[in-house]
Amino acid sequence: MRALVVAFLIALGATPAIAVERTDVTAVRLTIQQQMNALKQDDASTAFAIVSPKLKARFSDSSSFMAMVREQFPVIVNPQLVSFDEIRQTSYGLTQMVRLVDSKGEPWLAFFIMDRGKNGRWGVANVVTVRMPTYGA
């Protein structure tokens with residue numbers, strides 16, 4: 001599994017030599033947690049407020065954003081387990097890897113690509129989810 005993560009980060013253009021400031025790590029993780037809490041509580045307005053302006057421009061309103069997230073990213077809406085992992089600077093922006101377990105007990109990786117707005121706040125610019133393989137017992 002580690003090889004898959006490394007391969008994906010390389011595909012994103014990860015640059016591990018660039019250190020990520022501790023304050024940015026904390027702010028990014030807090031932002032992601034706030035969005036996931038809003039999604040779980042079905043609070044479309046708060047969840048939509050946390051996305052980056054570029055992503056916001058793709059949706060007419062918070063309801064259409066929430067509908068897309070429910071349809072395409074159910075594991076992010078209602079995970080049974082959430083664990084923050086590596087954070088790296090990539091060619092797409094600061095990318096936080098999050099390990100998730102869905103309601104069926106299936107493992108997932110989510111790559112939250114972040115964007116810092118003009119106001120200095122971090123916003124979710126994109127998310128890529130990958131269902132991890134499971135092996136029989």
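User: Two strands pair if DSSP finds at least two bridges between them. Which strands form a hairpin with two residues between them?

Analyst: That hairpin is formed by S1 and S2. Helices (H or I, at least four residues) and strands (E, at least two) are DSSP runs, numbered from the N terminus. The model is predicted, and local features therefore need pLDDT of at least 70, side-chain atom pairs count only at pLDDT 80 or more, and totals for chains, interfaces and linings use all residues. Residues are numbered from 1 along each chain as its sequence is written, and side-chain values use heavy atoms, with hydrogens and water left out.

User: In what sense do S1 and S2 pair, and over how many bridges?

Analyst: The sense is antiparallel, and there are eight bridges between S1 and S2. Within this pairing, Phe-84 has Val-98 of S2 as its bridge partner.

User: And how many bridges join S3 to S4?

Analyst: S3 and S4 run antiparallel and are joined by nine bridges. Phe-111 stands opposite Val-128 in S4. S3 and S4 also form a hairpin, with five residues between them, and Gly-120 in the turn has a positive phi of about 90 degrees.

User: Which residue has a positive phi although it is not a glycine?

Analyst: Asp-42 does, at about 60 degrees. Most residues other than glycine have a negative phi. Asp-42 is placed in the loop between H2 and H3.

User: Why does Asp-42 count as partly exposed?

Analyst: Asp-42 counts as partly exposed because its relative accessibility is 47%. Buried means under 20% relative accessible area, exposed over 50%, and partly exposed in between (1.4 Å probe, protein chains only).

User: Turning to the interior, how many residues has the largest nonpolar core?

Analyst: The largest nonpolar core has 32 residues, and those with the most contacts inside it are Phe-65, Ile-76, Leu-100, Phe-112 and Met-114. Two or more residues each come from helices H2 (22-40), H3 (44-49), H5 (62-72) and H6 (74-77), and from strands S2 (93-101), S3 (107-116) and S4 (122-131). H2 gives the most, with six residues. A nonpolar core is a set of buried Ala, Val, Leu, Ile, Met, Phe, Trp, Tyr and Cys residues joined through side-chain atoms within 4.5 Å. In soluble globular proteins, nonpolar side chains tend to be buried together.

User: What is Phe-112 in contact with?

Analyst: Leaving aside neighbours within four places in sequence, Phe-112 is in contact with residues including Ile-32, Gln-35, Met-36, Ile-76 and Val-124. Contact means heavy atoms within 4.5 Å.

User: Gln-35 is on that list. Is Gln-35 buried or exposed?

Analyst: Gln-35 counts as buried because its relative accessibility is 4%. Gln-35 lies in helix H2. Beyond four places in sequence, Gln-35 touches Ala-47, Ile-50, Val-51, Phe-65, Phe-112 and Val-124.

User: Where is Ser-52 found?

Analyst: Ser-52 is in the loop between H3 and H4, and it counts as buried because its relative accessibility is 1%. Not counting neighbours within four places in sequence, Ser-52 is in contact with Asp-115, Gly-123, Val-124 and Ala-125. Ser-52 and Asp-115 are 63 residues apart along the chain, and their C-alpha atoms are separated by 6.2 Å.

User: Now the pockets. What volume has the largest pocket?

Analyst: The largest pocket has a volume of about 280 Å³. Among its 16 lining residues, the closest to its centre are Ala-49, Ile-50, Arg-121, Trp-122 and Gly-123. H2, helix H4 (53-56) and S4 each give two or more residues to this lining. H2 gives the most, with four residues.

User: How are these pockets defined?

Analyst: On a 1 Å grid over the protein atoms alone, a pocket is an open set of points where a 1.4 Å probe fits, with protein on both sides within 12 Å along at least five of seven lines; lining residues have an atom within 4 Å of a point. Grid points are joined across faces, edges and corners, and a volume is the space filled by probe spheres set on the points.

User: And the second largest pocket, what is its volume?

Analyst: Its volume is about 210 Å³. Of the 11 residues that line the second largest pocket, Lys-54, Tyr-92, Ile-113, Ala-125 and Asn-126 are the closest to its centre. S3 supplies the largest share of this lining, three residues.
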